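User: I should like to examine how the ligand site in this model is described, and on what criteria each term rests.

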Amino acid sequence: MSLIFDVHPTSDPMPARRREEILANPGFGQHFTDHMAVATWTAADGWHDSAVVPYGPIRLDPAAAVLHYAQEIFEGLKAYRHDDGSIWLFRPDQNAARMQRSARRLALPELPAEDFLSSITTLVGTDADWVPSGGETSLYLRPFMFASEPFLGVRPAQRVSYVLIASPAGAYFAQGVKPVNIWITESYSRAGRGGTGAAKCGGNYASSLLAQSEAAEQGCEQVLFPDSAEGKWVEELGGMNVYLVTNAGELVTPELTGSILEGVTRDSILKLATDEGLTPVERKVSVEELLRGIADGAIREVFACGTAAVVTPIGAFKDIDGEYPVGDGAVGEVTQKVRRELLDIQYGRAEDRYGWMTKIA
Ligand code: COI
């Protein structure tokens, strides 16, 4: 039976004037709406106790398995306000399906796609005033699931919590759409063969943080992880996929090997490429090919992509041997076109020719 998310409204909502101040300049991941959706799973009863409740701290037993063994997964998607005031989601079925794949990998229970969607439509409907309008703002949605059973034995938890929170968002990178610099780490790997690289689990991000700090020390905003087996192949960045634009008119992204996150934005760009007169290519790309290509002009542009990052141009790569600027360091033409096309679909300014958008309010 499907879950019903009954709404228990907060008695203490954010005053409208303060909310408007936040929406005028939301940043990324700093502010949260008045409510959150919750549900519980137990091995005995399956999914139950679903509701939309006031946003606030979660009571957690200190022995909760997630705090010890990191049995946790999450998703990221956005609600967009169109010019007519309506609110839309972009390919939420893809996030629901990926959350189920992540759940399987982390030995967590799968949340049915209809319950995933129902948690979102109920929360966004309740907190609709929090969906910003104008510019490239949106309401970032963060569904997550974790082992809440108090038990120190190492086995899949018998009690699991699902929570959905929402956060008004502007650009992910503080500098907006300016090109970012990428540090190529030789010290760390993000994921190994048979590991959790394709799952959206907190552990992948935790293990990227030291490399991310190394990148920041080098004046870079993100880190590029080569594969762990050979240290040779481009996989992905700390929290986003990567694309190269070649002078042969190809849009190339590293093929999915089981250790790369199956990004929804990555997949959408593969589909949009042909509309833009480009040839989409998924294949292995070596770090050596990348650096040689940007040096000799075979690779004209490079960009990062993800729900939070949208399409973010890459201005230069750096490693222990030096710095490798991409093109003239400005935002490339193809990067701009792909970015614009994606955003136009998401904000309802271009025809939704792939049926990607779902109206929820
Ligand atoms: C997203 O793009 O939604 C992510 O989860 C990545 C994270 C860097 C914010």
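User: What makes a residue count as being around the ligand, and which residues are they?
Analyst: A residue is near a molecule if one of its heavy atoms lies within 4 Å of it. The residues around the ligand are Phe74, Gly76, Tyr140, Arg142, Tyr172, Lys200, Gly239, Thr307 and Ala308. This is a predicted model, in which local features need pLDDT of at least 70, side-chain atom pairs count only at pLDDT 80 or more, and totals for chains, interfaces and linings use all residues. Residues are numbered from 1 along each chain as its sequence is written, and side-chain values use heavy atoms, with hydrogens and water left out.

User: Why is the pair formed by tyrosine 140 and the ligand called a polar contact?
Analyst: A polar contact is a pair of N or O atoms within 3.5 Å. An N or O atom in the side chain of tyrosine 140 is 2.5 Å from a ligand oxygen atom, so the pair qualifies. For arginine 142, a polar side-chain atom lies 3.4 Å from an oxygen atom of the ligand, so this pair also qualifies.

User: Why does the ligand lie between domain 1 and domain 2?
Analyst: Domain 1 (6–169) and domain 2 (180–346), whose bounds come from an automatic or database domain assignment, both give residues to the shell around the ligand, so the ligand lies between them.

User: How far apart are the C-alpha centres of the two domains?
Analyst: The C-alpha centres of domain 1 and domain 2 lie 27 Å apart. Their contact (heavy atoms within 4.5 Å) takes 21 residues from domain 1 and 23 residues from domain 2.

Notes
A polar contact is a pair of N or O atoms within 3.5 Å; within protein, one must be able to donate a hydrogen and the other to accept it, and residues adjacent in sequence count only if both atoms are side-chain atoms.
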